Amino acid sequence: MATTEYKGYLGAPVKRREDEPLLTGRGTYVDNMAPVGTLSMIVVRSPYAHARVANIDLEPASAAEGVVAVFSAADLQDDWKAAMPCAWPVTEDMKNPPHYPLTDTARYQGDGIAVVIAESRTQAKDAAELIEADYESLPVAVDVATALDEGTPHVHPDLGTNECYVWRLETDGTDDAIANAEVVVTRTYVQPRLIPNAIEPRGVLAVPGQMGDVTLYSATQIPHILRVLVAATLGMNESKLRVVAPDVGGGFGSKCDVYAEELLAVALARRLNRPVKWIEERSENYLATIHGRDFVTEYTLAAGKDGTITACRAKVKAAMGAYLQLVTPGIPLLGAWVYAGPYAIPNYSVEFTGVFTNTTPTDAYRGAGRPEATYVIERTMDALAAELGMDRLELRRKNFITEFPATIASGLTIDSGDYHASLDHLLEKLDLDAVRAEQVKRRENGDVKQLGVGFSTYCEMCGLAPSRILGAIRYAAGGWDAATIRCLPTGSIQAITGTSPHGQGHETAWAQIVAHQLGCDVDEVEVLHGDTSISSIGMDTYGSRSLPVGGVALWLAGEKVVEKARQIVAHQFEVAPDDLDFADGTFTVKGSPDKETTLKTVAFQAWSAHDLPDGMEPSLEATAVYDPPNFSWPGGAHAAVVEVDTETGDARVVRYVAVDDCGTVVNPIIVDGQIHGGIAQGIATALYEEATYDEDGNLQTANLVTYLVPTACELPSFELGQTTTPSPTNPLGVKGVGETGTIAAAPAVINAVVDALAHLGVTDIQMPATPERVWRAIEEAKT
Ligand code: MCN
């Protein structure tokens, strides 16, 4: 039997090769590009949340200095061969009102009504101010909780309702189980609307070529999907469109979309035959880039008096915003299978109602559906424990799933996990007794600053993947990914991936995977991505899928490379392929250690092709396309310790301990970084961030002064630990990790805030737990 030994890069803390160029200002973002003759595009946006443009005068703007063209919605209507795409019609009868890049009826503040194209950005901005539009204001629906109420104005009056769809997943008997349970706890929770805040706002540059082709540079997470959908929407031959995602400064889901500005830039570059560039400003980003969450959920847990949970039920109203963006209606579904968390709950019911409101469209924001689910379960687990008079952790332990693979009531199968082990490890790190002792001391002293500790044990499904399942739930694209490994004749290696990193460190991690397998130095592997002319097929980066799908595809391509090389060596040494061992990049013949050759030598020989086995194609390269048989299911246990000022209501996280299990770890530095970022965003949700609208639909948190993104000053150093249950569904044993922190953190923090104030009678606080909300909760508990 032939053997293969690996180099040891899997699991190694290799420093991220991406960082130095980015930190020293040598990155290339869309706004760093300026081909000769580039024009600037400015989108004129409605200041009203719902208004008909009764009259628009483009003349003064058209006549302004430097202006090349000005267009209203009507001027461009023939450019669109289809409406803007929504790739996830979750039900057959889902309502998907037509959505075009520009409109003559604004349905949210920031909806585009015209574009100005000028020689320079300043000229375009100045001219945009000269556009005079008369608006006829229309009534608005803003609040997801009341948008379905009788008498609420309709976002799309033609539909006669604000209901977009109703989607259900339930097992028989859930209602009976709840009706007959000894203890039932029902709570209603609000998931605040969030603004993703990637550090680089969006940017687009469309460059027309000589042959009817266009190159679209976009700060996107999904160059491959974007290419398909831009071509389809514009009726272009797809092969004439190249999409490039250069350095992209974060996305957190917000750049996993097809936006009006991408379509406008390509359409106008073709019309004007000049490059067209649009760069989003921060305040514009707050209006025109998707928002996340905005759910109201009624959640029920039913249990026996001994704490055995028998049923869970979630009824969710999810804001779609004014239109359906790429996967808006599917976001709740991404959490639909995990409303029982890591617990064995036999009866299960989830109902989602998608609701239109006159607000910025929602779509994927880190965690997408799973933070919303985890929050309501983990808050209700604490409430149920209180109702039962049972310890919060004992209740969790009593209900943990313990046998894997585990087919859960929602119908999917959790690949692997050990939730007790994660919680055990968390408690070792936390020293709960010491935290409790400090809490008791402060309570006894009547200190102004009280201490609370909160927990969140979770599992999630990510690694968006099995194409068959995605198809069964009506998602339009597949869930596979592709990779090519090319051994160049001079010995270096190209790894071409269909994933599209925008902060996740794939260039480093993918090089580790290849170097580990092919036995070369990690620096000899160049990772190419984000350009449809280099990596022609792929499904891009979202849903923590890149490693468990794209990284595994790379591994499978590597296996093909080693096998082809083995055939070549066997032919040249006149031995059977099975007689060859491969370790550290070198093939040796079993029993004849002096007979050896390297993969690099074989790469040259495969290129010169002078002595290959009969019928073998020259070159040493291979492509693999991988469609996993299951999602990947990370899990873990998080704990937050918070200090709450009972006089001002100010809550601060003073310790945060997290133990996550993402299967085999490729790079522990990257994994820690991913968890850090995720936790920061979860804490932000719990304590700081909330996008709010006034009753007319004006965004009140329209800039970074009013929308509170926490900085490192508000956050403690996170204490991280890990447990590992490799996924049995892929050869690397990996699971995704990009969203786990965000999924787990918010409930741990709110559970801790409530714990800090429990002795004052506080049982619930809505997110974000701002000083005002905390103070009010304390005051209300007094009455
Ligand atoms: N990793 C690892 N070992 C594991 C799991 C992951 O070494 N067992 C590494 C991977 O090699 C990869 C990184 O962790 O370098 C993240 O991998 P994965 O979990 O597969 O997630 P994706 O690469 O698909 O990233 C998507 C995910 C999502 S959905 C959001 S939202 C998000 C996130 O990643 N947005 C981010 N992390 C982000 N990080 C940054 N800096 N910026 C964003 O916009």
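**Thr646 and the ligand shell**

Guide: The side chain of Thr646 comes to 2.7 Å from the backbone oxygen of Val448. This is a predicted model, in which local features need pLDDT of at least 70, side-chain atom pairs count only at pLDDT 80 or more, and totals for chains, interfaces and linings use all residues. Residues are numbered from 1 along each chain as its sequence is written, and side-chain values use heavy atoms, with hydrogens and water left out.

Visitor: Why is Thr646 called buried?

Guide: Buried means under 20% relative accessible area (1.4 Å probe, protein chains only). Thr646 has 17% relative accessibility, so it counts as buried.

Visitor: Which residues is Thr646 in contact with, leaving aside its neighbours within four places in sequence?

Guide: Contact means heavy atoms within 4.5 Å. On that basis Thr646 is in contact with Asp447, Val448, Gln450, Leu757, Leu760 and Ile778.

Visitor: What makes Ser546 a polar contact of the ligand?

Guide: A polar contact is a pair of N or O atoms within 3.5 Å. An N or O atom in the Ser546 side chain is 2.7 Å from a ligand oxygen atom, so the pair qualifies. Backbone N or O atoms also take part: one of Val737 lies 2.6 Å from an oxygen atom of the ligand, and one of Val666 lies 3.1 Å from a nitrogen atom of the ligand.

Visitor: How much of the ligand's accessible area does the protein cover?

Guide: Accessible areas come from the Shrake-Rupley method with a 1.4 Å probe. The ligand has 840 Å² on its own, and the protein covers 95% of that.

Definitions and conventions: Polar contact = N/O pair within 3.5 Å; in protein donor to acceptor, adjacent residues only side chain to side chain. Buried < 20%, exposed > 50% of the residue type's maximum accessible area, 1.4 Å probe, protein only.
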